[in-house]
Amino acid sequence: MAPILDFPVADIMTRAVVTCAPEDSVAELMAEMTNRRIRHLPVVRNDRLCGIVSIGDLVKSRLDEIEYEASSLRSFIAGA
C-alpha cells in the first residue's frame, strides 16, 4: 500500500464542497460542521471565495459571546 503523500490530490479531496455565506450565523455553521463532521468551511460571496471559517473560529466567537453575557449579568447584579 502506497503512503498517502504519493496519492494525487484528486484521489483524496472532497469533491462536493460545502460552503457558507458571510451572513450565516455562528449557530448555523456550528450545527452544519457538527452534522457533517467537518472542521472548515469556505466562505463564498458572489461565487467567489472570500474566506475560510474553522470550528475553532466559531467556538472562540461563541465563548466570547458567553463571556460578554456573563460579565453583563454580573454588572447588572452588582448594580442592583
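Reader: Where does aspartate 47 lie, and why is aspartate 47 called exposed or buried?

Author: In this predicted model, aspartate 47 sits in the loop between strand 1 and strand 2. Its relative accessible area is 78%, and exposed means over 50%, so aspartate 47 is called exposed. Aspartate 47 also has a positive phi of about 60°, although it is not a glycine.

Reader: What is the phi of asparagine 46, and what makes asparagine 46 exposed or buried?

Author: Asparagine 46 has a phi near 55°, which is a positive value in a residue other than glycine. Asparagine 46 is placed in the loop between strand 1 and strand 2 (48-54). With a relative accessible area of 69%, set against the cut-off of over 50%, asparagine 46 is therefore exposed.

Reader: How do you know whether serine 54 is buried or exposed, and which residues is serine 54 in contact with?

Author: Serine 54, which lies in strand 2, has a relative accessible area of 16%; buried means under 20%, and therefore serine 54 is counted as buried. Leaving aside neighbours within four places in sequence, serine 54 is in contact with Met33, Arg39 and His40.

Reader: Why is aspartate 24 called partly exposed?

Author: The relative accessible area of aspartate 24 is 30%, and partly exposed is the class between under 20% and over 50%, so the name partly exposed applies to aspartate 24. Aspartate 24 is found in the loop between helix 1 (9-12) and helix 2. The C-alpha atoms of aspartate 24 and valine 43 are separated by 9.5 Å, while the two residues are 19 residues apart along the chain.

Reader: Why are helix 2 and helix 3 called oblique to each other?

Author: Two packed helices are described by the angle between their axes and the distance between the axes. Helix 2 (residues 26-36) and helix 3 (residues 55-79) pack at an angle of about 140°, and their axes are 10 Å apart. Roughly antiparallel needs an angle over 145 degrees, and roughly perpendicular runs from 65 to 115; the angle of about 140° fits neither class, and helix 2 and helix 3 are therefore oblique. Their crossing is left-handed.

Reader: Which residues of helix 2 and helix 3 meet?

Author: Val26, Leu29, Met30 and Met33 in helix 2 meet Ile55, Leu58, Val59, Ser61 and Arg62 in helix 3. Sorted by class, this contact of helix 2 with helix 3 has 7 nonpolar, 1 polar and 1 charged residues. Leucine 58, not counting residues up to four places away in sequence, touches Val26, Leu29, Met30, Met33 and Val53.

Reader: What makes up the largest nonpolar core?

Author: The largest nonpolar core has 7 residues, namely Cys20, Leu29, Met33, Leu41, Val43, Val53 and Leu58. Helix 2 and strand 1 (40-45) are the elements that give two or more residues to this core.

Terms used
Residues numbered from 1 in each chain as written. Predicted model: local features only at pLDDT ≥ 70, side-chain atom pairs only at ≥ 80, totals over all residues. Heavy atoms only, no water. Axes fitted to C-alpha atoms, helices over the stretch in contact; angles between N-to-C directions. Helix = DSSP H or I, 4+ residues; strand = E, 2+ residues; numbered from the N terminus. Parallel < 35°, antiparallel > 145°, perpendicular 65-115°, else oblique. Left-handed = near helix turned anticlockwise from the far one by under 90°. Contact = heavy atoms within 4.5 Å. Nonpolar A, V, L, I, M, F, W, Y, C, P; charged D, E, K, R; others polar. Core = buried A, V, L, I, M, F, W, Y, C linked by side-chain atoms within 4.5 Å. Buried < 20%, exposed > 50% of the residue type's maximum accessible area, 1.4 Å probe, protein only.
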